[in-house]
Every structure is written in C-alpha cells, then in structure tokens.
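Trainee: I should be grateful for a close look at one part of this protein, starting from a single element and moving outward to what lies around it.

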Amino acid sequence: MSVETGKQLKLFTGTAHPELAQEVADYIGIPVGKAFCGRFNNGEIQVMIDESVRGTDVFLIQPTGTPANDNLMELFIMADALRRASARHITAVVPYYGYARQDRKTRGREPITAKLVADLMQRSGITRLVTIDLHAGQIQGFFDIPVDHLKAASILAKHIRKQDIPDLMIVSPDLGGVTRARDLADRVGAPIAIIEKRRPRPGVAEVMNLIGSVEGKNCIIVDDIVDTAGSLVEGAKALQRFGAKSVRAACTHPVLTDPATERLAASNIKELIITNTIPIATEKQLPNITQLSVAPLLGEAIMRIFHNVSVSKLFDK
C-alpha cells in the first residue's frame with residue numbers, strides 16, 4: 001500500500017524511541033520528518049518543526065515509557081507545534097500508554113491519571129490515537145477522538161508458532177488477563193490455564209491456586225507489561241511446582257524497572273518474548289530475552305488510517 005500523491009503523509013518522532021520511528025518510516029517508505037526536540041538550560045523542552053506540515057496528515061510516534069513525564073510533555077508540545085503549523089490531522093502513535101495502570105479509583109482521594117493523560121492529549125491538538133495493548137481496554141472510553149487499539153498477539157503468535165513447541169499451554173497470570181491469554185491461545189492452537197493470586201500490598205503477588213493442569217506442559221505466561229517481574233517470576237516458580245515441563249513468558253511492554261533484570265536472570269523462565277514498544281537499555285538485554293518489532297504492525301495501521309481502510313482487519317486471527 002503506497003502513499004497517494006493527492007494527500008501528504010508525514011511522520012515525526014520525539015526522543016522517546018527514534019529507532020522505532022525509523023523502522024516504521026522504512027516500512028512505509030517515507031523519511032522521518034525534520035524536527036528538533038531538545039532542552040533549554042533550565043530543563044524546559046524546546047521543539048521546532050523544521051519543515052512545512054500545512055494541510056498534511058501527521059503521525060507522531062512517541063511511546064510514553066521512562067521517563068514518562070518528559071516523554072508525555074514532548075508529545076504534548078510537539079502536537080501543539082504541529083497544530084499551530086496547520087497540520088490537517090495529528091495522529092499520536094503511542095505504542096506504550098504511560099499511566100495506563102492508574103485507570104480507576106481504588107481508594108478515596110485518588111486520581112484517575114489515565115483519564116487526565118487522555119484529556120491532555122486531546123487538548124494539545126491530537127485528533128486520533130494509535131496504541132498497542134492498553135493495560136485496561138476501557139481507557140479507550142476516556143477519549144472523545146478515534147482510538148485504534150492494536151494487539152501484539154499476532155506478532156507474539158507468529159514467533160511462538162515458528163518454534164513448534166510440543167505440549168504447549170498458554171497461561172494467564174491472573175483472572176483479569178484471561179481474555180488476552182485466550183486470544184493468543186486461539187492463534188497458536190493451545191489450551192489455557194489461569195493463575196489465581198492475591199496482592200497483599202502493592203508490587204507484591206502471592207500465587208494461591210492454579211485453574212487447569214500444567215503437568216508435563218511447556219507453558220507460556222502471557223501479560224501486557226513486565227515491570228519489576230516479581231509476579232512473573234513467582235508465577236513461573238508456581239508453574240514448575242505444579243509440574244510444568246518448561247516456562248516461557250510473552251509480554252508486550254518491557255518496562256523492566258529494577259530489580260527486574262536480576263529477577264529474570266535468576267528465574268526458571270527459559271525465554272522472555274517482548275516487543276519494542278519501549279526501548280530497552282543495553283545492560284537489560286539478557287540472553288533469554290527475545291525482542292520482536294512492532295514496526296510492521298504500526299506501519300500497516302498508519303497506512304490503513306491514511307487511506308481510510310479498515311484497521312480492524314489487522315485483528316483477524
């Protein structure tokens with residue numbers, strides 16, 4: 001699918017993940033737009049768009065991982081610059097949506113920061129959002145603009161099918177992730193099991209039970225985010241106790257905050273399959289980590305949006 005001559009598509013990026021932006025640009029067959037995104041001496045963000053965007057459809061690639069606040073401010077400021085430069089449409093391509101885990105009030109006097117981020121995106125001039133594997137699907141309802149919620153399951157499933165793993169079992173790490181696990185299981189033709197756990201305090205998970213039998217199975221735990229890897233590693237240990245032959249994990253967003261690397265290196269997880277929605281530091285690239293690119297998925301979505309073609313076809317199994 002090529003870019004029409006009658007319309008103009010331009011691709012810009014902040015400093016959050018320029019490598020991914022270049023991959024997407026290469027897939028589409030256009031250059032990354034000329035823009036400067038730097039800092040003043042006092043730390044304020046400075047943005048300059050160095051080419052005309054008047055009347056164009058602009059796609060702004062900017063995941064909002066660490067440092068989340070800086071990356072979000074870059075996104076808002078770049079969108080404002082593009083709006084004031086008379087861009088026709090501004091689509092924010094945010095593979096990882098920061099603050100997604102703050103999507104509801106769990107106690108009194110607590111913010112719903114995922115909704116605040118949605119409001120700020122729209123206020124900055126963004127007219128559409130493309131994202132991948134939101135922590136909570138209902139975040140789409142925080143927006144009054146179109147949201148294309150892409151799934152990384154097709155990318156993960158392709159890699160898993162290539163390995164031709166016998167006695168495969170897909171495992172959801174908790175009751176809330178069953179839909180995600182079922183989607184991947186259907187794509188690879190495997191049954192699912194569910195880990196039942198409780199959280200006695202934030203950041204701590206205890207495995208209580210297992211729904212389904214994993215005896216003699218090669219298990220893959222599926223989740224949207226791997227952060228400190230505490231729940232993931234404990235889940236892998238529990239599966240081994242329940243008789244699993246081997247344990248792998250597949251997670252879309254590699255947040256990998258400390259002590260994730262140490263936990264994963266010492267764990268019984270044979271392979272951690274992740275995507276490049278967030279860049280990973282060199283020191284965190286362990287031998288058992290396999291990173292897959294989401295550039296083709298994003299590139300195809302961008303072209304479909306630009307040509308007014310159905311994006312939901314990308315979800316077909």
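**From a helix to a cavity**

Mentor: In helix 5, residues 178-188, the buried residues are Ala181, Asp183, Leu184, Ala185, Arg187 and Val188. Buried here means under 20% relative accessible area, with exposed over 50% and partly exposed in between, for a 1.4 Å probe and protein chains only. Helices (H or I, at least four residues) and strands (E, at least two) are DSSP runs numbered from the N terminus. An α-helix has 3.6 residues a turn, so residues three or four places apart point the same way. After helix 5 comes Gly189, which has a positive phi near 65°.

The model is predicted: local features need pLDDT of at least 70 and side-chain atom pairs pLDDT 80 or more, while totals for chains, interfaces and linings use all residues. Residues are numbered from 1 along each chain as its sequence is written, and side-chain values use heavy atoms, without hydrogens or water.

Asp223 is the next residue to consider. It belongs to strand 11, residues 218-226, and its relative accessibility is 17%, so it counts as buried. Beyond its neighbours within four places in sequence, Asp223 is in contact (heavy atoms within 4.5 Å) with Pro173, Arg180, Ala250, Cys251 and Thr252. An unreviewed UniProt entry lists Asp223 under "binding site", along with Arg199, Asp227, Thr228, Ala229, Gly230 and Ser231; such annotations may be inferred rather than shown by experiment.

Strand 11 also leads to a cavity, a set of points on a 1 Å grid over the protein atoms alone where a 1.4 Å probe fits but cannot get out; its lining residues have an atom within 4 Å of a point. There are two cavities of 30 Å³ or more, and the second largest has a volume of about 50 Å³, the space filled by probe spheres set on the points. Strand 6 (128-132) and strand 11 are the elements that give two or more residues to this lining, whose members include Tyr96, Thr131, Asp224, Ile225 and His253. By class, the lining has six nonpolar, three polar and two charged residues.

The second largest cavity draws at least three lining residues from each of domain 1 (7-149) and domain 2 (151-291), bounds that come from an automatic or database assignment. The C-alpha centres of the two domains lie 28 Å apart, and their contact takes 13 residues from domain 1 and 13 residues from domain 2.

Notes:
1 Å grid on protein atoms, 1.4 Å probe; cavity = no way out; pocket = protein on both sides within 12 Å on 5 of 7 lines; lining within 4 Å. Nonpolar A, V, L, I, M, F, W, Y, C, P; charged D, E, K, R; others polar.
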